[in-house]
Amino acid sequence: MSKFLEFKIELDNFIQELNTRLDANNKKVEELLSIEEKTYANFVKPLEMMDEYLDHFFTPLSHLNSVNNSEKTQEIYTQSLPIITEYSTKLSQNIDIYKAYKEIQKNESDSLNDEQNRVLELNILGFELSGAHLDDDTKKRLQEINIKKSELSNNFSQNLLDATNEYEYIIEDEKDVEGLPQSDIANAKFEDDGVVKYKFTLQMPSYIAYMTYGKNEKIREELYKAYVTRAPQNAEIIDELLSLKSEMSKLLGYNNYAEYSLASKMAEDSKSVLGFLNDLLKNSKAQAKVELQEVEELAKRPLKSFDTAYYSELLKKAKYEIDEEVYRPYFEQSSVVNGMFDFLTKLFGIRFEKTDEKLWDEKAISYDLYQDDMLKARLYTDLEARKGKRGGAWMHNWQAHCLDEAGDEQLASAFIVCNFPPSSKENPSLLRHDDVVTLFHEMGHAIHHMLSSVNENGVSGVNGVEWDAVEFPSQFLENFAYEPHVLKMFATHHESGETIPDDMIEKLVKSKNFLSASGMLRQLEFSIFDFELHTKLYQGDEVQSLLDGIRKETALIKTPEYNKFQNGFAHIFAGGYAAGYYSYKWAEVLSADAFFSVIDEGIFDSKTAKDYLHVVLNGGASKSMGILFKELMGREPNPANLLRLNGIKQ
Ligand SMILES: [Zn+2]
């Protein structure tokens, strides 16, 4: 029998089969709860594996719905979501399971291994963060808060969306669109009573196009003002959300929402997050000033907020513009993929072997992954754009490495999905360098999942990894896509066979780091604002004052008073990033730090690379990433390496 699941799915019977499985699971939960002497082996392990098997069954549907979307997959997927949600909500509120976990932790924690203890710890934390263990009145209030919160978040995005859609700016003078790329002009162009006009909106591609290339400063200011004053009614929603989050955190036993957010993250406490962000700020400021000066020299006047994108683009064009069409011939898809595999072989001693498995599309390929000549995992790649495939790129984990109830080893598997240009018999698929970076990024996630040696599925591979650390392995690998030694392994011209020249690689790095300190300051402004905002209850004008205070440190150009950035900060008020926006930079530091150790040790002779394989990749989520990182480097993360990666001199 194959070590891996077969990718097959029967859409017609799916819902019926799902219900049958969930019924069986619910019965199993009752059976398990009726055991007198509950232990890790007879209670936790079967529950954990029950989760794993449900993933095995469900993942092919969500995968297929994303890569071969059809009315049928949509229908089945939409039907199954509420069924799954109801099932898992019920499980996550089952207080008897929580009590059993606590009891097992008390009785067995000394005899269990790190992985098993981590499973208990994370499960118990999950229950406690949702308040399942509290009295009925508190639970009822928490439920009300949750419903209200999601309503408010939804209104927040709706208001933003409405405001974005309502606005348009019509340009009648052709001169005002001079300098914009032809495709943007074509998108804006329309005819009104036989007169050609141009319409710009606050939707991203349109807004960005004018702000970046539009030379009429008055129009830029108009658009900017419209953009940063969207949805003023969101100010009220912010107050309500902040107050509900504060109440919720207190009910759950935390002083504030920031503390609540950090309970499940790698960062230890508020002090370490703010210290980290403020240090980066202090160290990036001098270079950001130099960068601003350079842009202002070109503009021949002090910049205003609505000028920066425009003059930055002019400067970039003059200094570092990358012509994608010159680069593409060096990045033929299959040589990039095989080159990346060769690189991983040289770096970690792992090996990929193509299988002849038949999959959901003829362009999808599966590979067996070997570590030390032992079969370790299976990778599925589906890299080309086609009709019915969701845009973007992602890694999706399927099986997790573990030992099942009988003690038999289960191997891991994962999908990498991208949207690269399609190849045909006549034309190869030629990638942009950005695509190469994306492929390395997703591969970083995939090997994190597939190389796990952990025996408990709930903390194996990417399962159970903290939110602020999950991008560490992906960014780590992504950094190598700019490294000359690595690029030269596969970046050869698909016609002439010539290896990519050094100056072309150098240009890639410079272009990546263009105005990097200014970009850093901006991200830090968002991160510090988000985090501070959740450390105590801010209401009304206090929100604006907080932001103004932070901007004194982060903004080198004075932000106009009408700017109400917060009313559009959907990441934290309508997404999952509240008191977590710092995670981007946090994971970047881990990855930059480990990356430079490998570089400085000569890449392929690097001891850190071998340790990274054994500690981080084999280790999955068996311990907090904070502990794994310390085991890897023998010290705390060093933010100086993130500055180095961004070319920021101190
Ligand atoms: Zn990622």
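**Exercises: residue N234 and a five-stranded sheet**

N234 sits in helix α10, residues 234-251 (helices are DSSP runs of H or I with at least four residues, strands are E runs of at least two, both numbered from the N terminus). This is a predicted model, where local features need pLDDT of at least 70, side-chain atom pairs count only at pLDDT 80 or more, and totals for chains, interfaces and linings use all residues. Residues are numbered from 1 along each chain as its sequence is written, and side-chain values use heavy atoms, with hydrogens and water left out.

**Exercise 1.** Work out whether N234 is buried or exposed, and which residues it is in contact with.

*Solution.* Start with the cut-offs: buried is under 20% relative accessible area, exposed is over 50%, and partly exposed is in between (1.4 Å probe, protein chains only). N234 comes out at 0%, so it's buried. Next, skip the neighbours within four places in sequence: N234 then contacts N155, F156, N159, L160 and N567 (contact means heavy atoms within 4.5 Å).

**Exercise 2.** Lay out the sheet's strand order and find its edge strands.

*Solution.* The 5 strands run β4-β5-β6-β10-β7 in an open sheet with mixed pairing (strands pair if DSSP finds at least two bridges between them). The edges are β4 (350-354) and β7 (394-397), each pairing on one side only.

Now zoom in: β5 (residues 365-371) and β6 (residues 374-384) pair antiparallel over 7 bridges. There, S366 faces Y380 of β6.
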